[in-house]
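Visitor: Please give me a close look at a single part of this model, starting from one residue and working outwards. Keep it plain, and state the cut-offs as you go.

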Amino acid sequence: MQRSGLIATKIGNSSYFQNDGTNTHVTILKVDECIVSKIKTTEKHGYNAVQIAAIETGKDISHVNKPQRKLFSSIKIKPKKILKEFRVDRDNILDVGTKLNADHFKADQFIDASSYSIGKGFAGVMKRHNFGGLRASHGVSISHRSHGSTGQNQDPGRVFKGKKMAGRMGHTKVTKQNLKIIEVDNINNILIVKGSVPGKKNSVIFLKDAIKRS
């Protein structure tokens, strides 16, 4: 059964102490009020989905572009920063204006979390691809951490695409699956999730029911 997900903000990491004294590494997520801003149906669009709006921009309605101005004014909400579509089953299509909070998920439930990983900038092959590097001895002139040869001979006379080389590392779309929800704080709209979640502090995280455990 496929239902809508939530948009959350990563607060940070912490330790969660169980009743028996054992502690678990957890990630704390703040769920901003998620509002259904648009729905899509198979008859009209070819698939069923709900569009969720979350995280206020702080801008006045007159300072956003016309299509979004029409969207936000039609459901009478302040402009939101994030608009995200979630595919759903026909039975789980929600009405426009429906508000979703942290209680959309339950404790001990498993979820999938998606976001952009932390960017590491330009990295060499030893850090980026775990290469062993060259010999750190005499005669290896200032090339201990280099990647070595990359090409072939005159045929093909080029470097193949996808070759493991130095380059930008991180800041890629990552989804971690089957994360267990330890606790749900309905008053403060906080989710405490076991383990790590992609992204740095204040990153926007997209949450949905674990697809492999549904």
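Guide: Leu100 is buried, with a relative accessibility of 8%; buried means under 20% relative accessible area, exposed over 50%, and partly exposed in between, using a 1.4 Å probe and protein chains only. The model is a predicted one, in which local features need pLDDT of at least 70 and side-chain atom pairs count only at pLDDT 80 or more, while totals for chains, interfaces and linings use all residues. Residues are numbered from 1 along each chain as its sequence is written, and side-chain values use heavy atoms, with hydrogens and water left out.

Leu100 belongs to strand S6, residues 99-100. Strands (E, at least two residues) and helices (H or I, at least four) are DSSP runs numbered from the N terminus. Apart from residues up to four places away in sequence, Leu100 touches Ser4, Gly5, Leu6, Asp32, Glu33, Cys34, Ile52 and Leu94, a contact being heavy atoms within 4.5 Å. By contrast, the C-alpha atoms of Leu100 and Lys59 are separated by 22 Å, with their positions 41 residues apart along the chain.

One of the contacts, Cys34, is also the residue opposite Leu100 in the strand pairing. Strands S3 and S6 pair in the antiparallel sense over two bridges, and two strands pair if DSSP finds at least two bridges between them. Ile35 has Lys99 of S6 as its bridge partner. Strand S3 covers residues 34-40, and five of its seven residues are buried.

S3 also pairs with strand S4 (residues 49-56), again in the antiparallel sense, over five bridges. In that pairing, Lys38 has Gln51 of S4 as its bridge partner. Taken together, four strands make an open antiparallel sheet in the order S5-S4-S3-S6. S5 and S6 are the edge strands, each with a single partner strand, so one side of each has no neighbour in the sheet.

Lys99 in S6 has a different exposure class from Leu100: Lys99 is exposed at 51% relative accessibility, whereas Leu100 is buried at 8%. The side chain of Lys99 forms a salt bridge with that of Glu33, 3.9 Å from N to O. Lys99 is in strand S6 and Glu33 in the loop between strand S2 (23-31) and S3, so the pair ties together parts 66 residues apart in sequence. Glu33 is partly exposed at 32%. A salt bridge here is a side-chain nitrogen of Lys or Arg within 4 Å of a carboxyl oxygen of Asp or Glu. The structure holds five of these.

Arg90 and Glu43 form another, at 3.0 Å from N to O. That pair links the loop between strand S5 (80-87) and S6, where Arg90 lies, to helix H1 (residues 42-45), where Glu43 lies, 47 residues apart. Glu43 is exposed at 60% relative accessibility.

At the other edge of the sheet is S5, where Lys80 is found. Lys80 counts as buried, at 8% relative accessibility. Leaving aside neighbours within four places in sequence, Lys80 is in contact with Glu33, Ile35, Ala53, Ala54, Ile55, Glu56, Thr57 and Phe72. Helix H2 (residues 66-74) lies across S3, S4 and S5, at about 80 degrees to S5; axes are lines fitted to C-alpha atoms, for helices over the stretch in contact, and angles run from 0 to 180 degrees between N-to-C directions.

Beyond this sheet there is a closed barrel of six strands, S1-S2-S11-S10-S7-S12, with antiparallel pairing. From one strand to the next, the twist averages 50 degrees. Within the barrel, S10 (residues 173-185) and S11 (residues 190-194) run antiparallel and are joined by four bridges. Val184 stands opposite Leu191 of S11.

Strand S12 brings in a further salt bridge, between Arg3 and Asp209, with the closest N and O atoms 2.6 Å apart. Arg3 is in the segment before strand S1 (6-17) and Asp209 in strand S12 (residues 204-209), 206 residues apart. Arg3 is partly exposed at 22%, while Asp209 counts as buried at 18%.
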